[in-house]
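Trainee: Could you take one part of this model and go through it slowly with me? I'd like to look at the ligand site and whatever is packed around it.

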Amino acid sequence: MRPPLQEGASTTLAHKFSSLTFTDSVKDVQREMGSRPANEKLTERGSPNDTFGEFEKDFVSRRDGFYISTVGETGWPYIQFRGGPPGFLKVVDDHTLAYADVTGNRQYISSGNLRSNPRAALFLMDYPHQARLKILGTTELIPWKDAPAWKDQLLLPERARPERVVLIHLAAFDWNCPQHIPQRWTVDELKQTPIFKHIESLEAEVKRLRNELAARATGTEITGKDKIAAST
Ligand SMILES: Cc1cc2nc3c(=O)[nH]c(=O)nc-3n(C[C@H](O)[C@H](O)[C@H](O)COP(=O)(O)O)c2cc1C
C-alpha cells in the first residue's frame, strides 16, 4: 500500500509540495531542530508530486470523505469535512479534481473563503490501510445552474441538493507515513474484512449450538433437514 515514487524522483525537479510549504519561518524551525539538511534534500531531489499518478487517482476515487482547509480574510484557517459515496471526489484528469458542493448549514464559510483566496488544502484519509494524502490546489467554483455538463458526472451524497461544482486544480500533493494513524473501519469497510466473516461464522455456530442445546433440553433430536436448518 506504499505510494510509489513518481518519475523524476532522481532528477533535479523540485519537490513541489515542500517548495510551496517550506516558507522562511518553516525553514528557520527546521534549522533550529536540525532537520534542515534532510528537508533541503527533499525539496531538491524529491518526486515532483505535481501530477496525479494511477496510485493517487485510485486512492482519491475510493474515498468516502475528505477534509478541506481554507483561509478567510481574517487570516484564520478553517476546516470542513465533505462526505459522499466513493467517487464523489472525482478525478477529472491528472491535474484536476471536482466535487458537487451540497446544501448544508448555509454558513458558506468554505465557499466564502475560497472566493477571497482560492487556495485549499485537502486531507484524504484511508484508515484501514493507515494512509493519508495531502493535496494543495487552487479552486474554481461554478454555480450548479451554470454547470449542466457536470450533472451526470458527479456523484452526490444521499438526499443532497447540489449548489456548486468545486474544481480543484492540483498544485502539489504529498503522502504521509502511516505512523500514528489508528486503524478503523466504516461499517461497509468492516463487512469486507476477514474479521467480519469470522464473526459471521461464529454467530452461525452460536446459533447452531443454541438450537442443539434447546433441542436437548426438550428431548428432541435434531437430525437431517432440521439440523441443516438449525445451523443456518
Ligand atoms: C441541517 C444541517 C446542519 C448542520 N450543522 C452543522 C454545524 O452546526 N456545524 C458544522 O460544522 N457543520 C454542520 N453541518 C454540515 C455543514 O453544513 C456542511 O459541512 C457544509 O458543507 C459546510 O459548508 P461550509 O464549509 O462552506 O461552511 C450541517 C449540515 C446540515 C445539513
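What follows is a walk from the ligand outwards.

Mentor: Sure, and two bits of housekeeping come before the ligand. Numbering starts from 1 along each chain, following the sequence as written. The model is predicted, so local features need pLDDT of at least 70, side-chain atom pairs count only at pLDDT 80 or more, and totals for chains, interfaces and linings use all residues.

Now the ligand. Its shell consists of Gln80, Gly104, Asn105, Gln107, Tyr108, Ile109, Ser110 and Ser111, where a residue is near a molecule or strand if its C-beta atom, placed from the backbone, lies within 6 Å of it. By type, the shell splits into two nonpolar, six polar and no charged residues. For that split, Ala, Val, Leu, Ile, Met, Phe, Trp, Tyr, Cys and Pro are nonpolar, Asp, Glu, Lys and Arg are charged, and the others, Gly among them, are polar.

Which helix gives the largest share of the shell around the ligand? That is α5 (residues 109-116), with three residues. Helices here are DSSP runs of H or I with at least four residues, strands are runs of E with at least two, and both are numbered from the N terminus.

Stay with α5 for a moment. Its buried residues are Ser110, Asn113 and Leu114; buried means 20 or more other C-beta atoms within 10 Å of the residue's own, exposed means 12 or fewer, and partly exposed is in between, with C-beta atoms placed from the backbone. They sit on the same side of α5 because they cover an arc of only 100° around the axis, the arc being that of the directions from the helix axis to the C-beta atoms. The general background is that an α-helix has 3.6 residues a turn, so residues three or four places apart point the same way. Ser110 turns up twice, as part of the ligand shell and as one of the buried residues of α5.

What do those buried residues of α5 pack against? The partners are β1 (65-71), β2 (77-83), β5 (119-126) and β6 (131-143); contact means C-beta atoms, placed from the backbone, within 7 Å. As a whole, α5 lies across β1, β2, β4, β5, β6 and β7, and runs at about 50° to β1. Axes are lines fitted to C-alpha atoms, for helices over the stretch in contact, and angles run from 0 to 180 degrees between N-to-C directions.

That brings us to the sheet. It is an open one of seven strands, in the order β2-β1-β5-β6-β7-β4-β3, with antiparallel pairing; two strands pair if DSSP finds at least two bridges between them. The edge strands, β2 and β3, each pair on one side only. From one strand to the next, the twist averages 35°.

Take the β2 edge, since Gln80 of the ligand shell falls inside β2 (77-83). β1 and β2 run antiparallel and are joined by seven bridges. Along that pairing, Gly65 is opposite Gly83 in β2, and Tyr67 is opposite Phe81 in β2. The two strands make a hairpin with five residues between them, and Gly75 in the turn has a positive phi of about 90°.

At the other edge, β3 and β4 pair antiparallel over three bridges. Here Asp93 stands opposite Thr96 in β4, and the hairpin has two residues between its strands.

Another helix packs against the sheet too: α4 (residues 54-61), where Glu56, Phe59 and Val60 are buried. Those residues span an arc of only 95° around the axis, which puts them on the same side of α4. Glu54 and Asp58, on the other side, are exposed. The buried residues of α4 pack against β3 (90-93), β4 (96-102), β5, β6 and β7 (162-175). So β5 and β6 are contacted by buried residues of α4 and of α5.

For contrast, look at α2 (residues 24-33): of its 10 residues the number buried is zero, so α2 lies largely in the open. Gly34, just after α2, has a positive phi of about 80°.

Finally, the backdrop. The protein has eight helices and seven strands, and buried residues make up 19% of its 232 residues. Of the contacts with a separation of 6 or more, 70% come from residues 24 or more positions apart.

How values were computed: Two residues are in contact if their C-beta atoms, placed from the backbone, lie within 7 Å.
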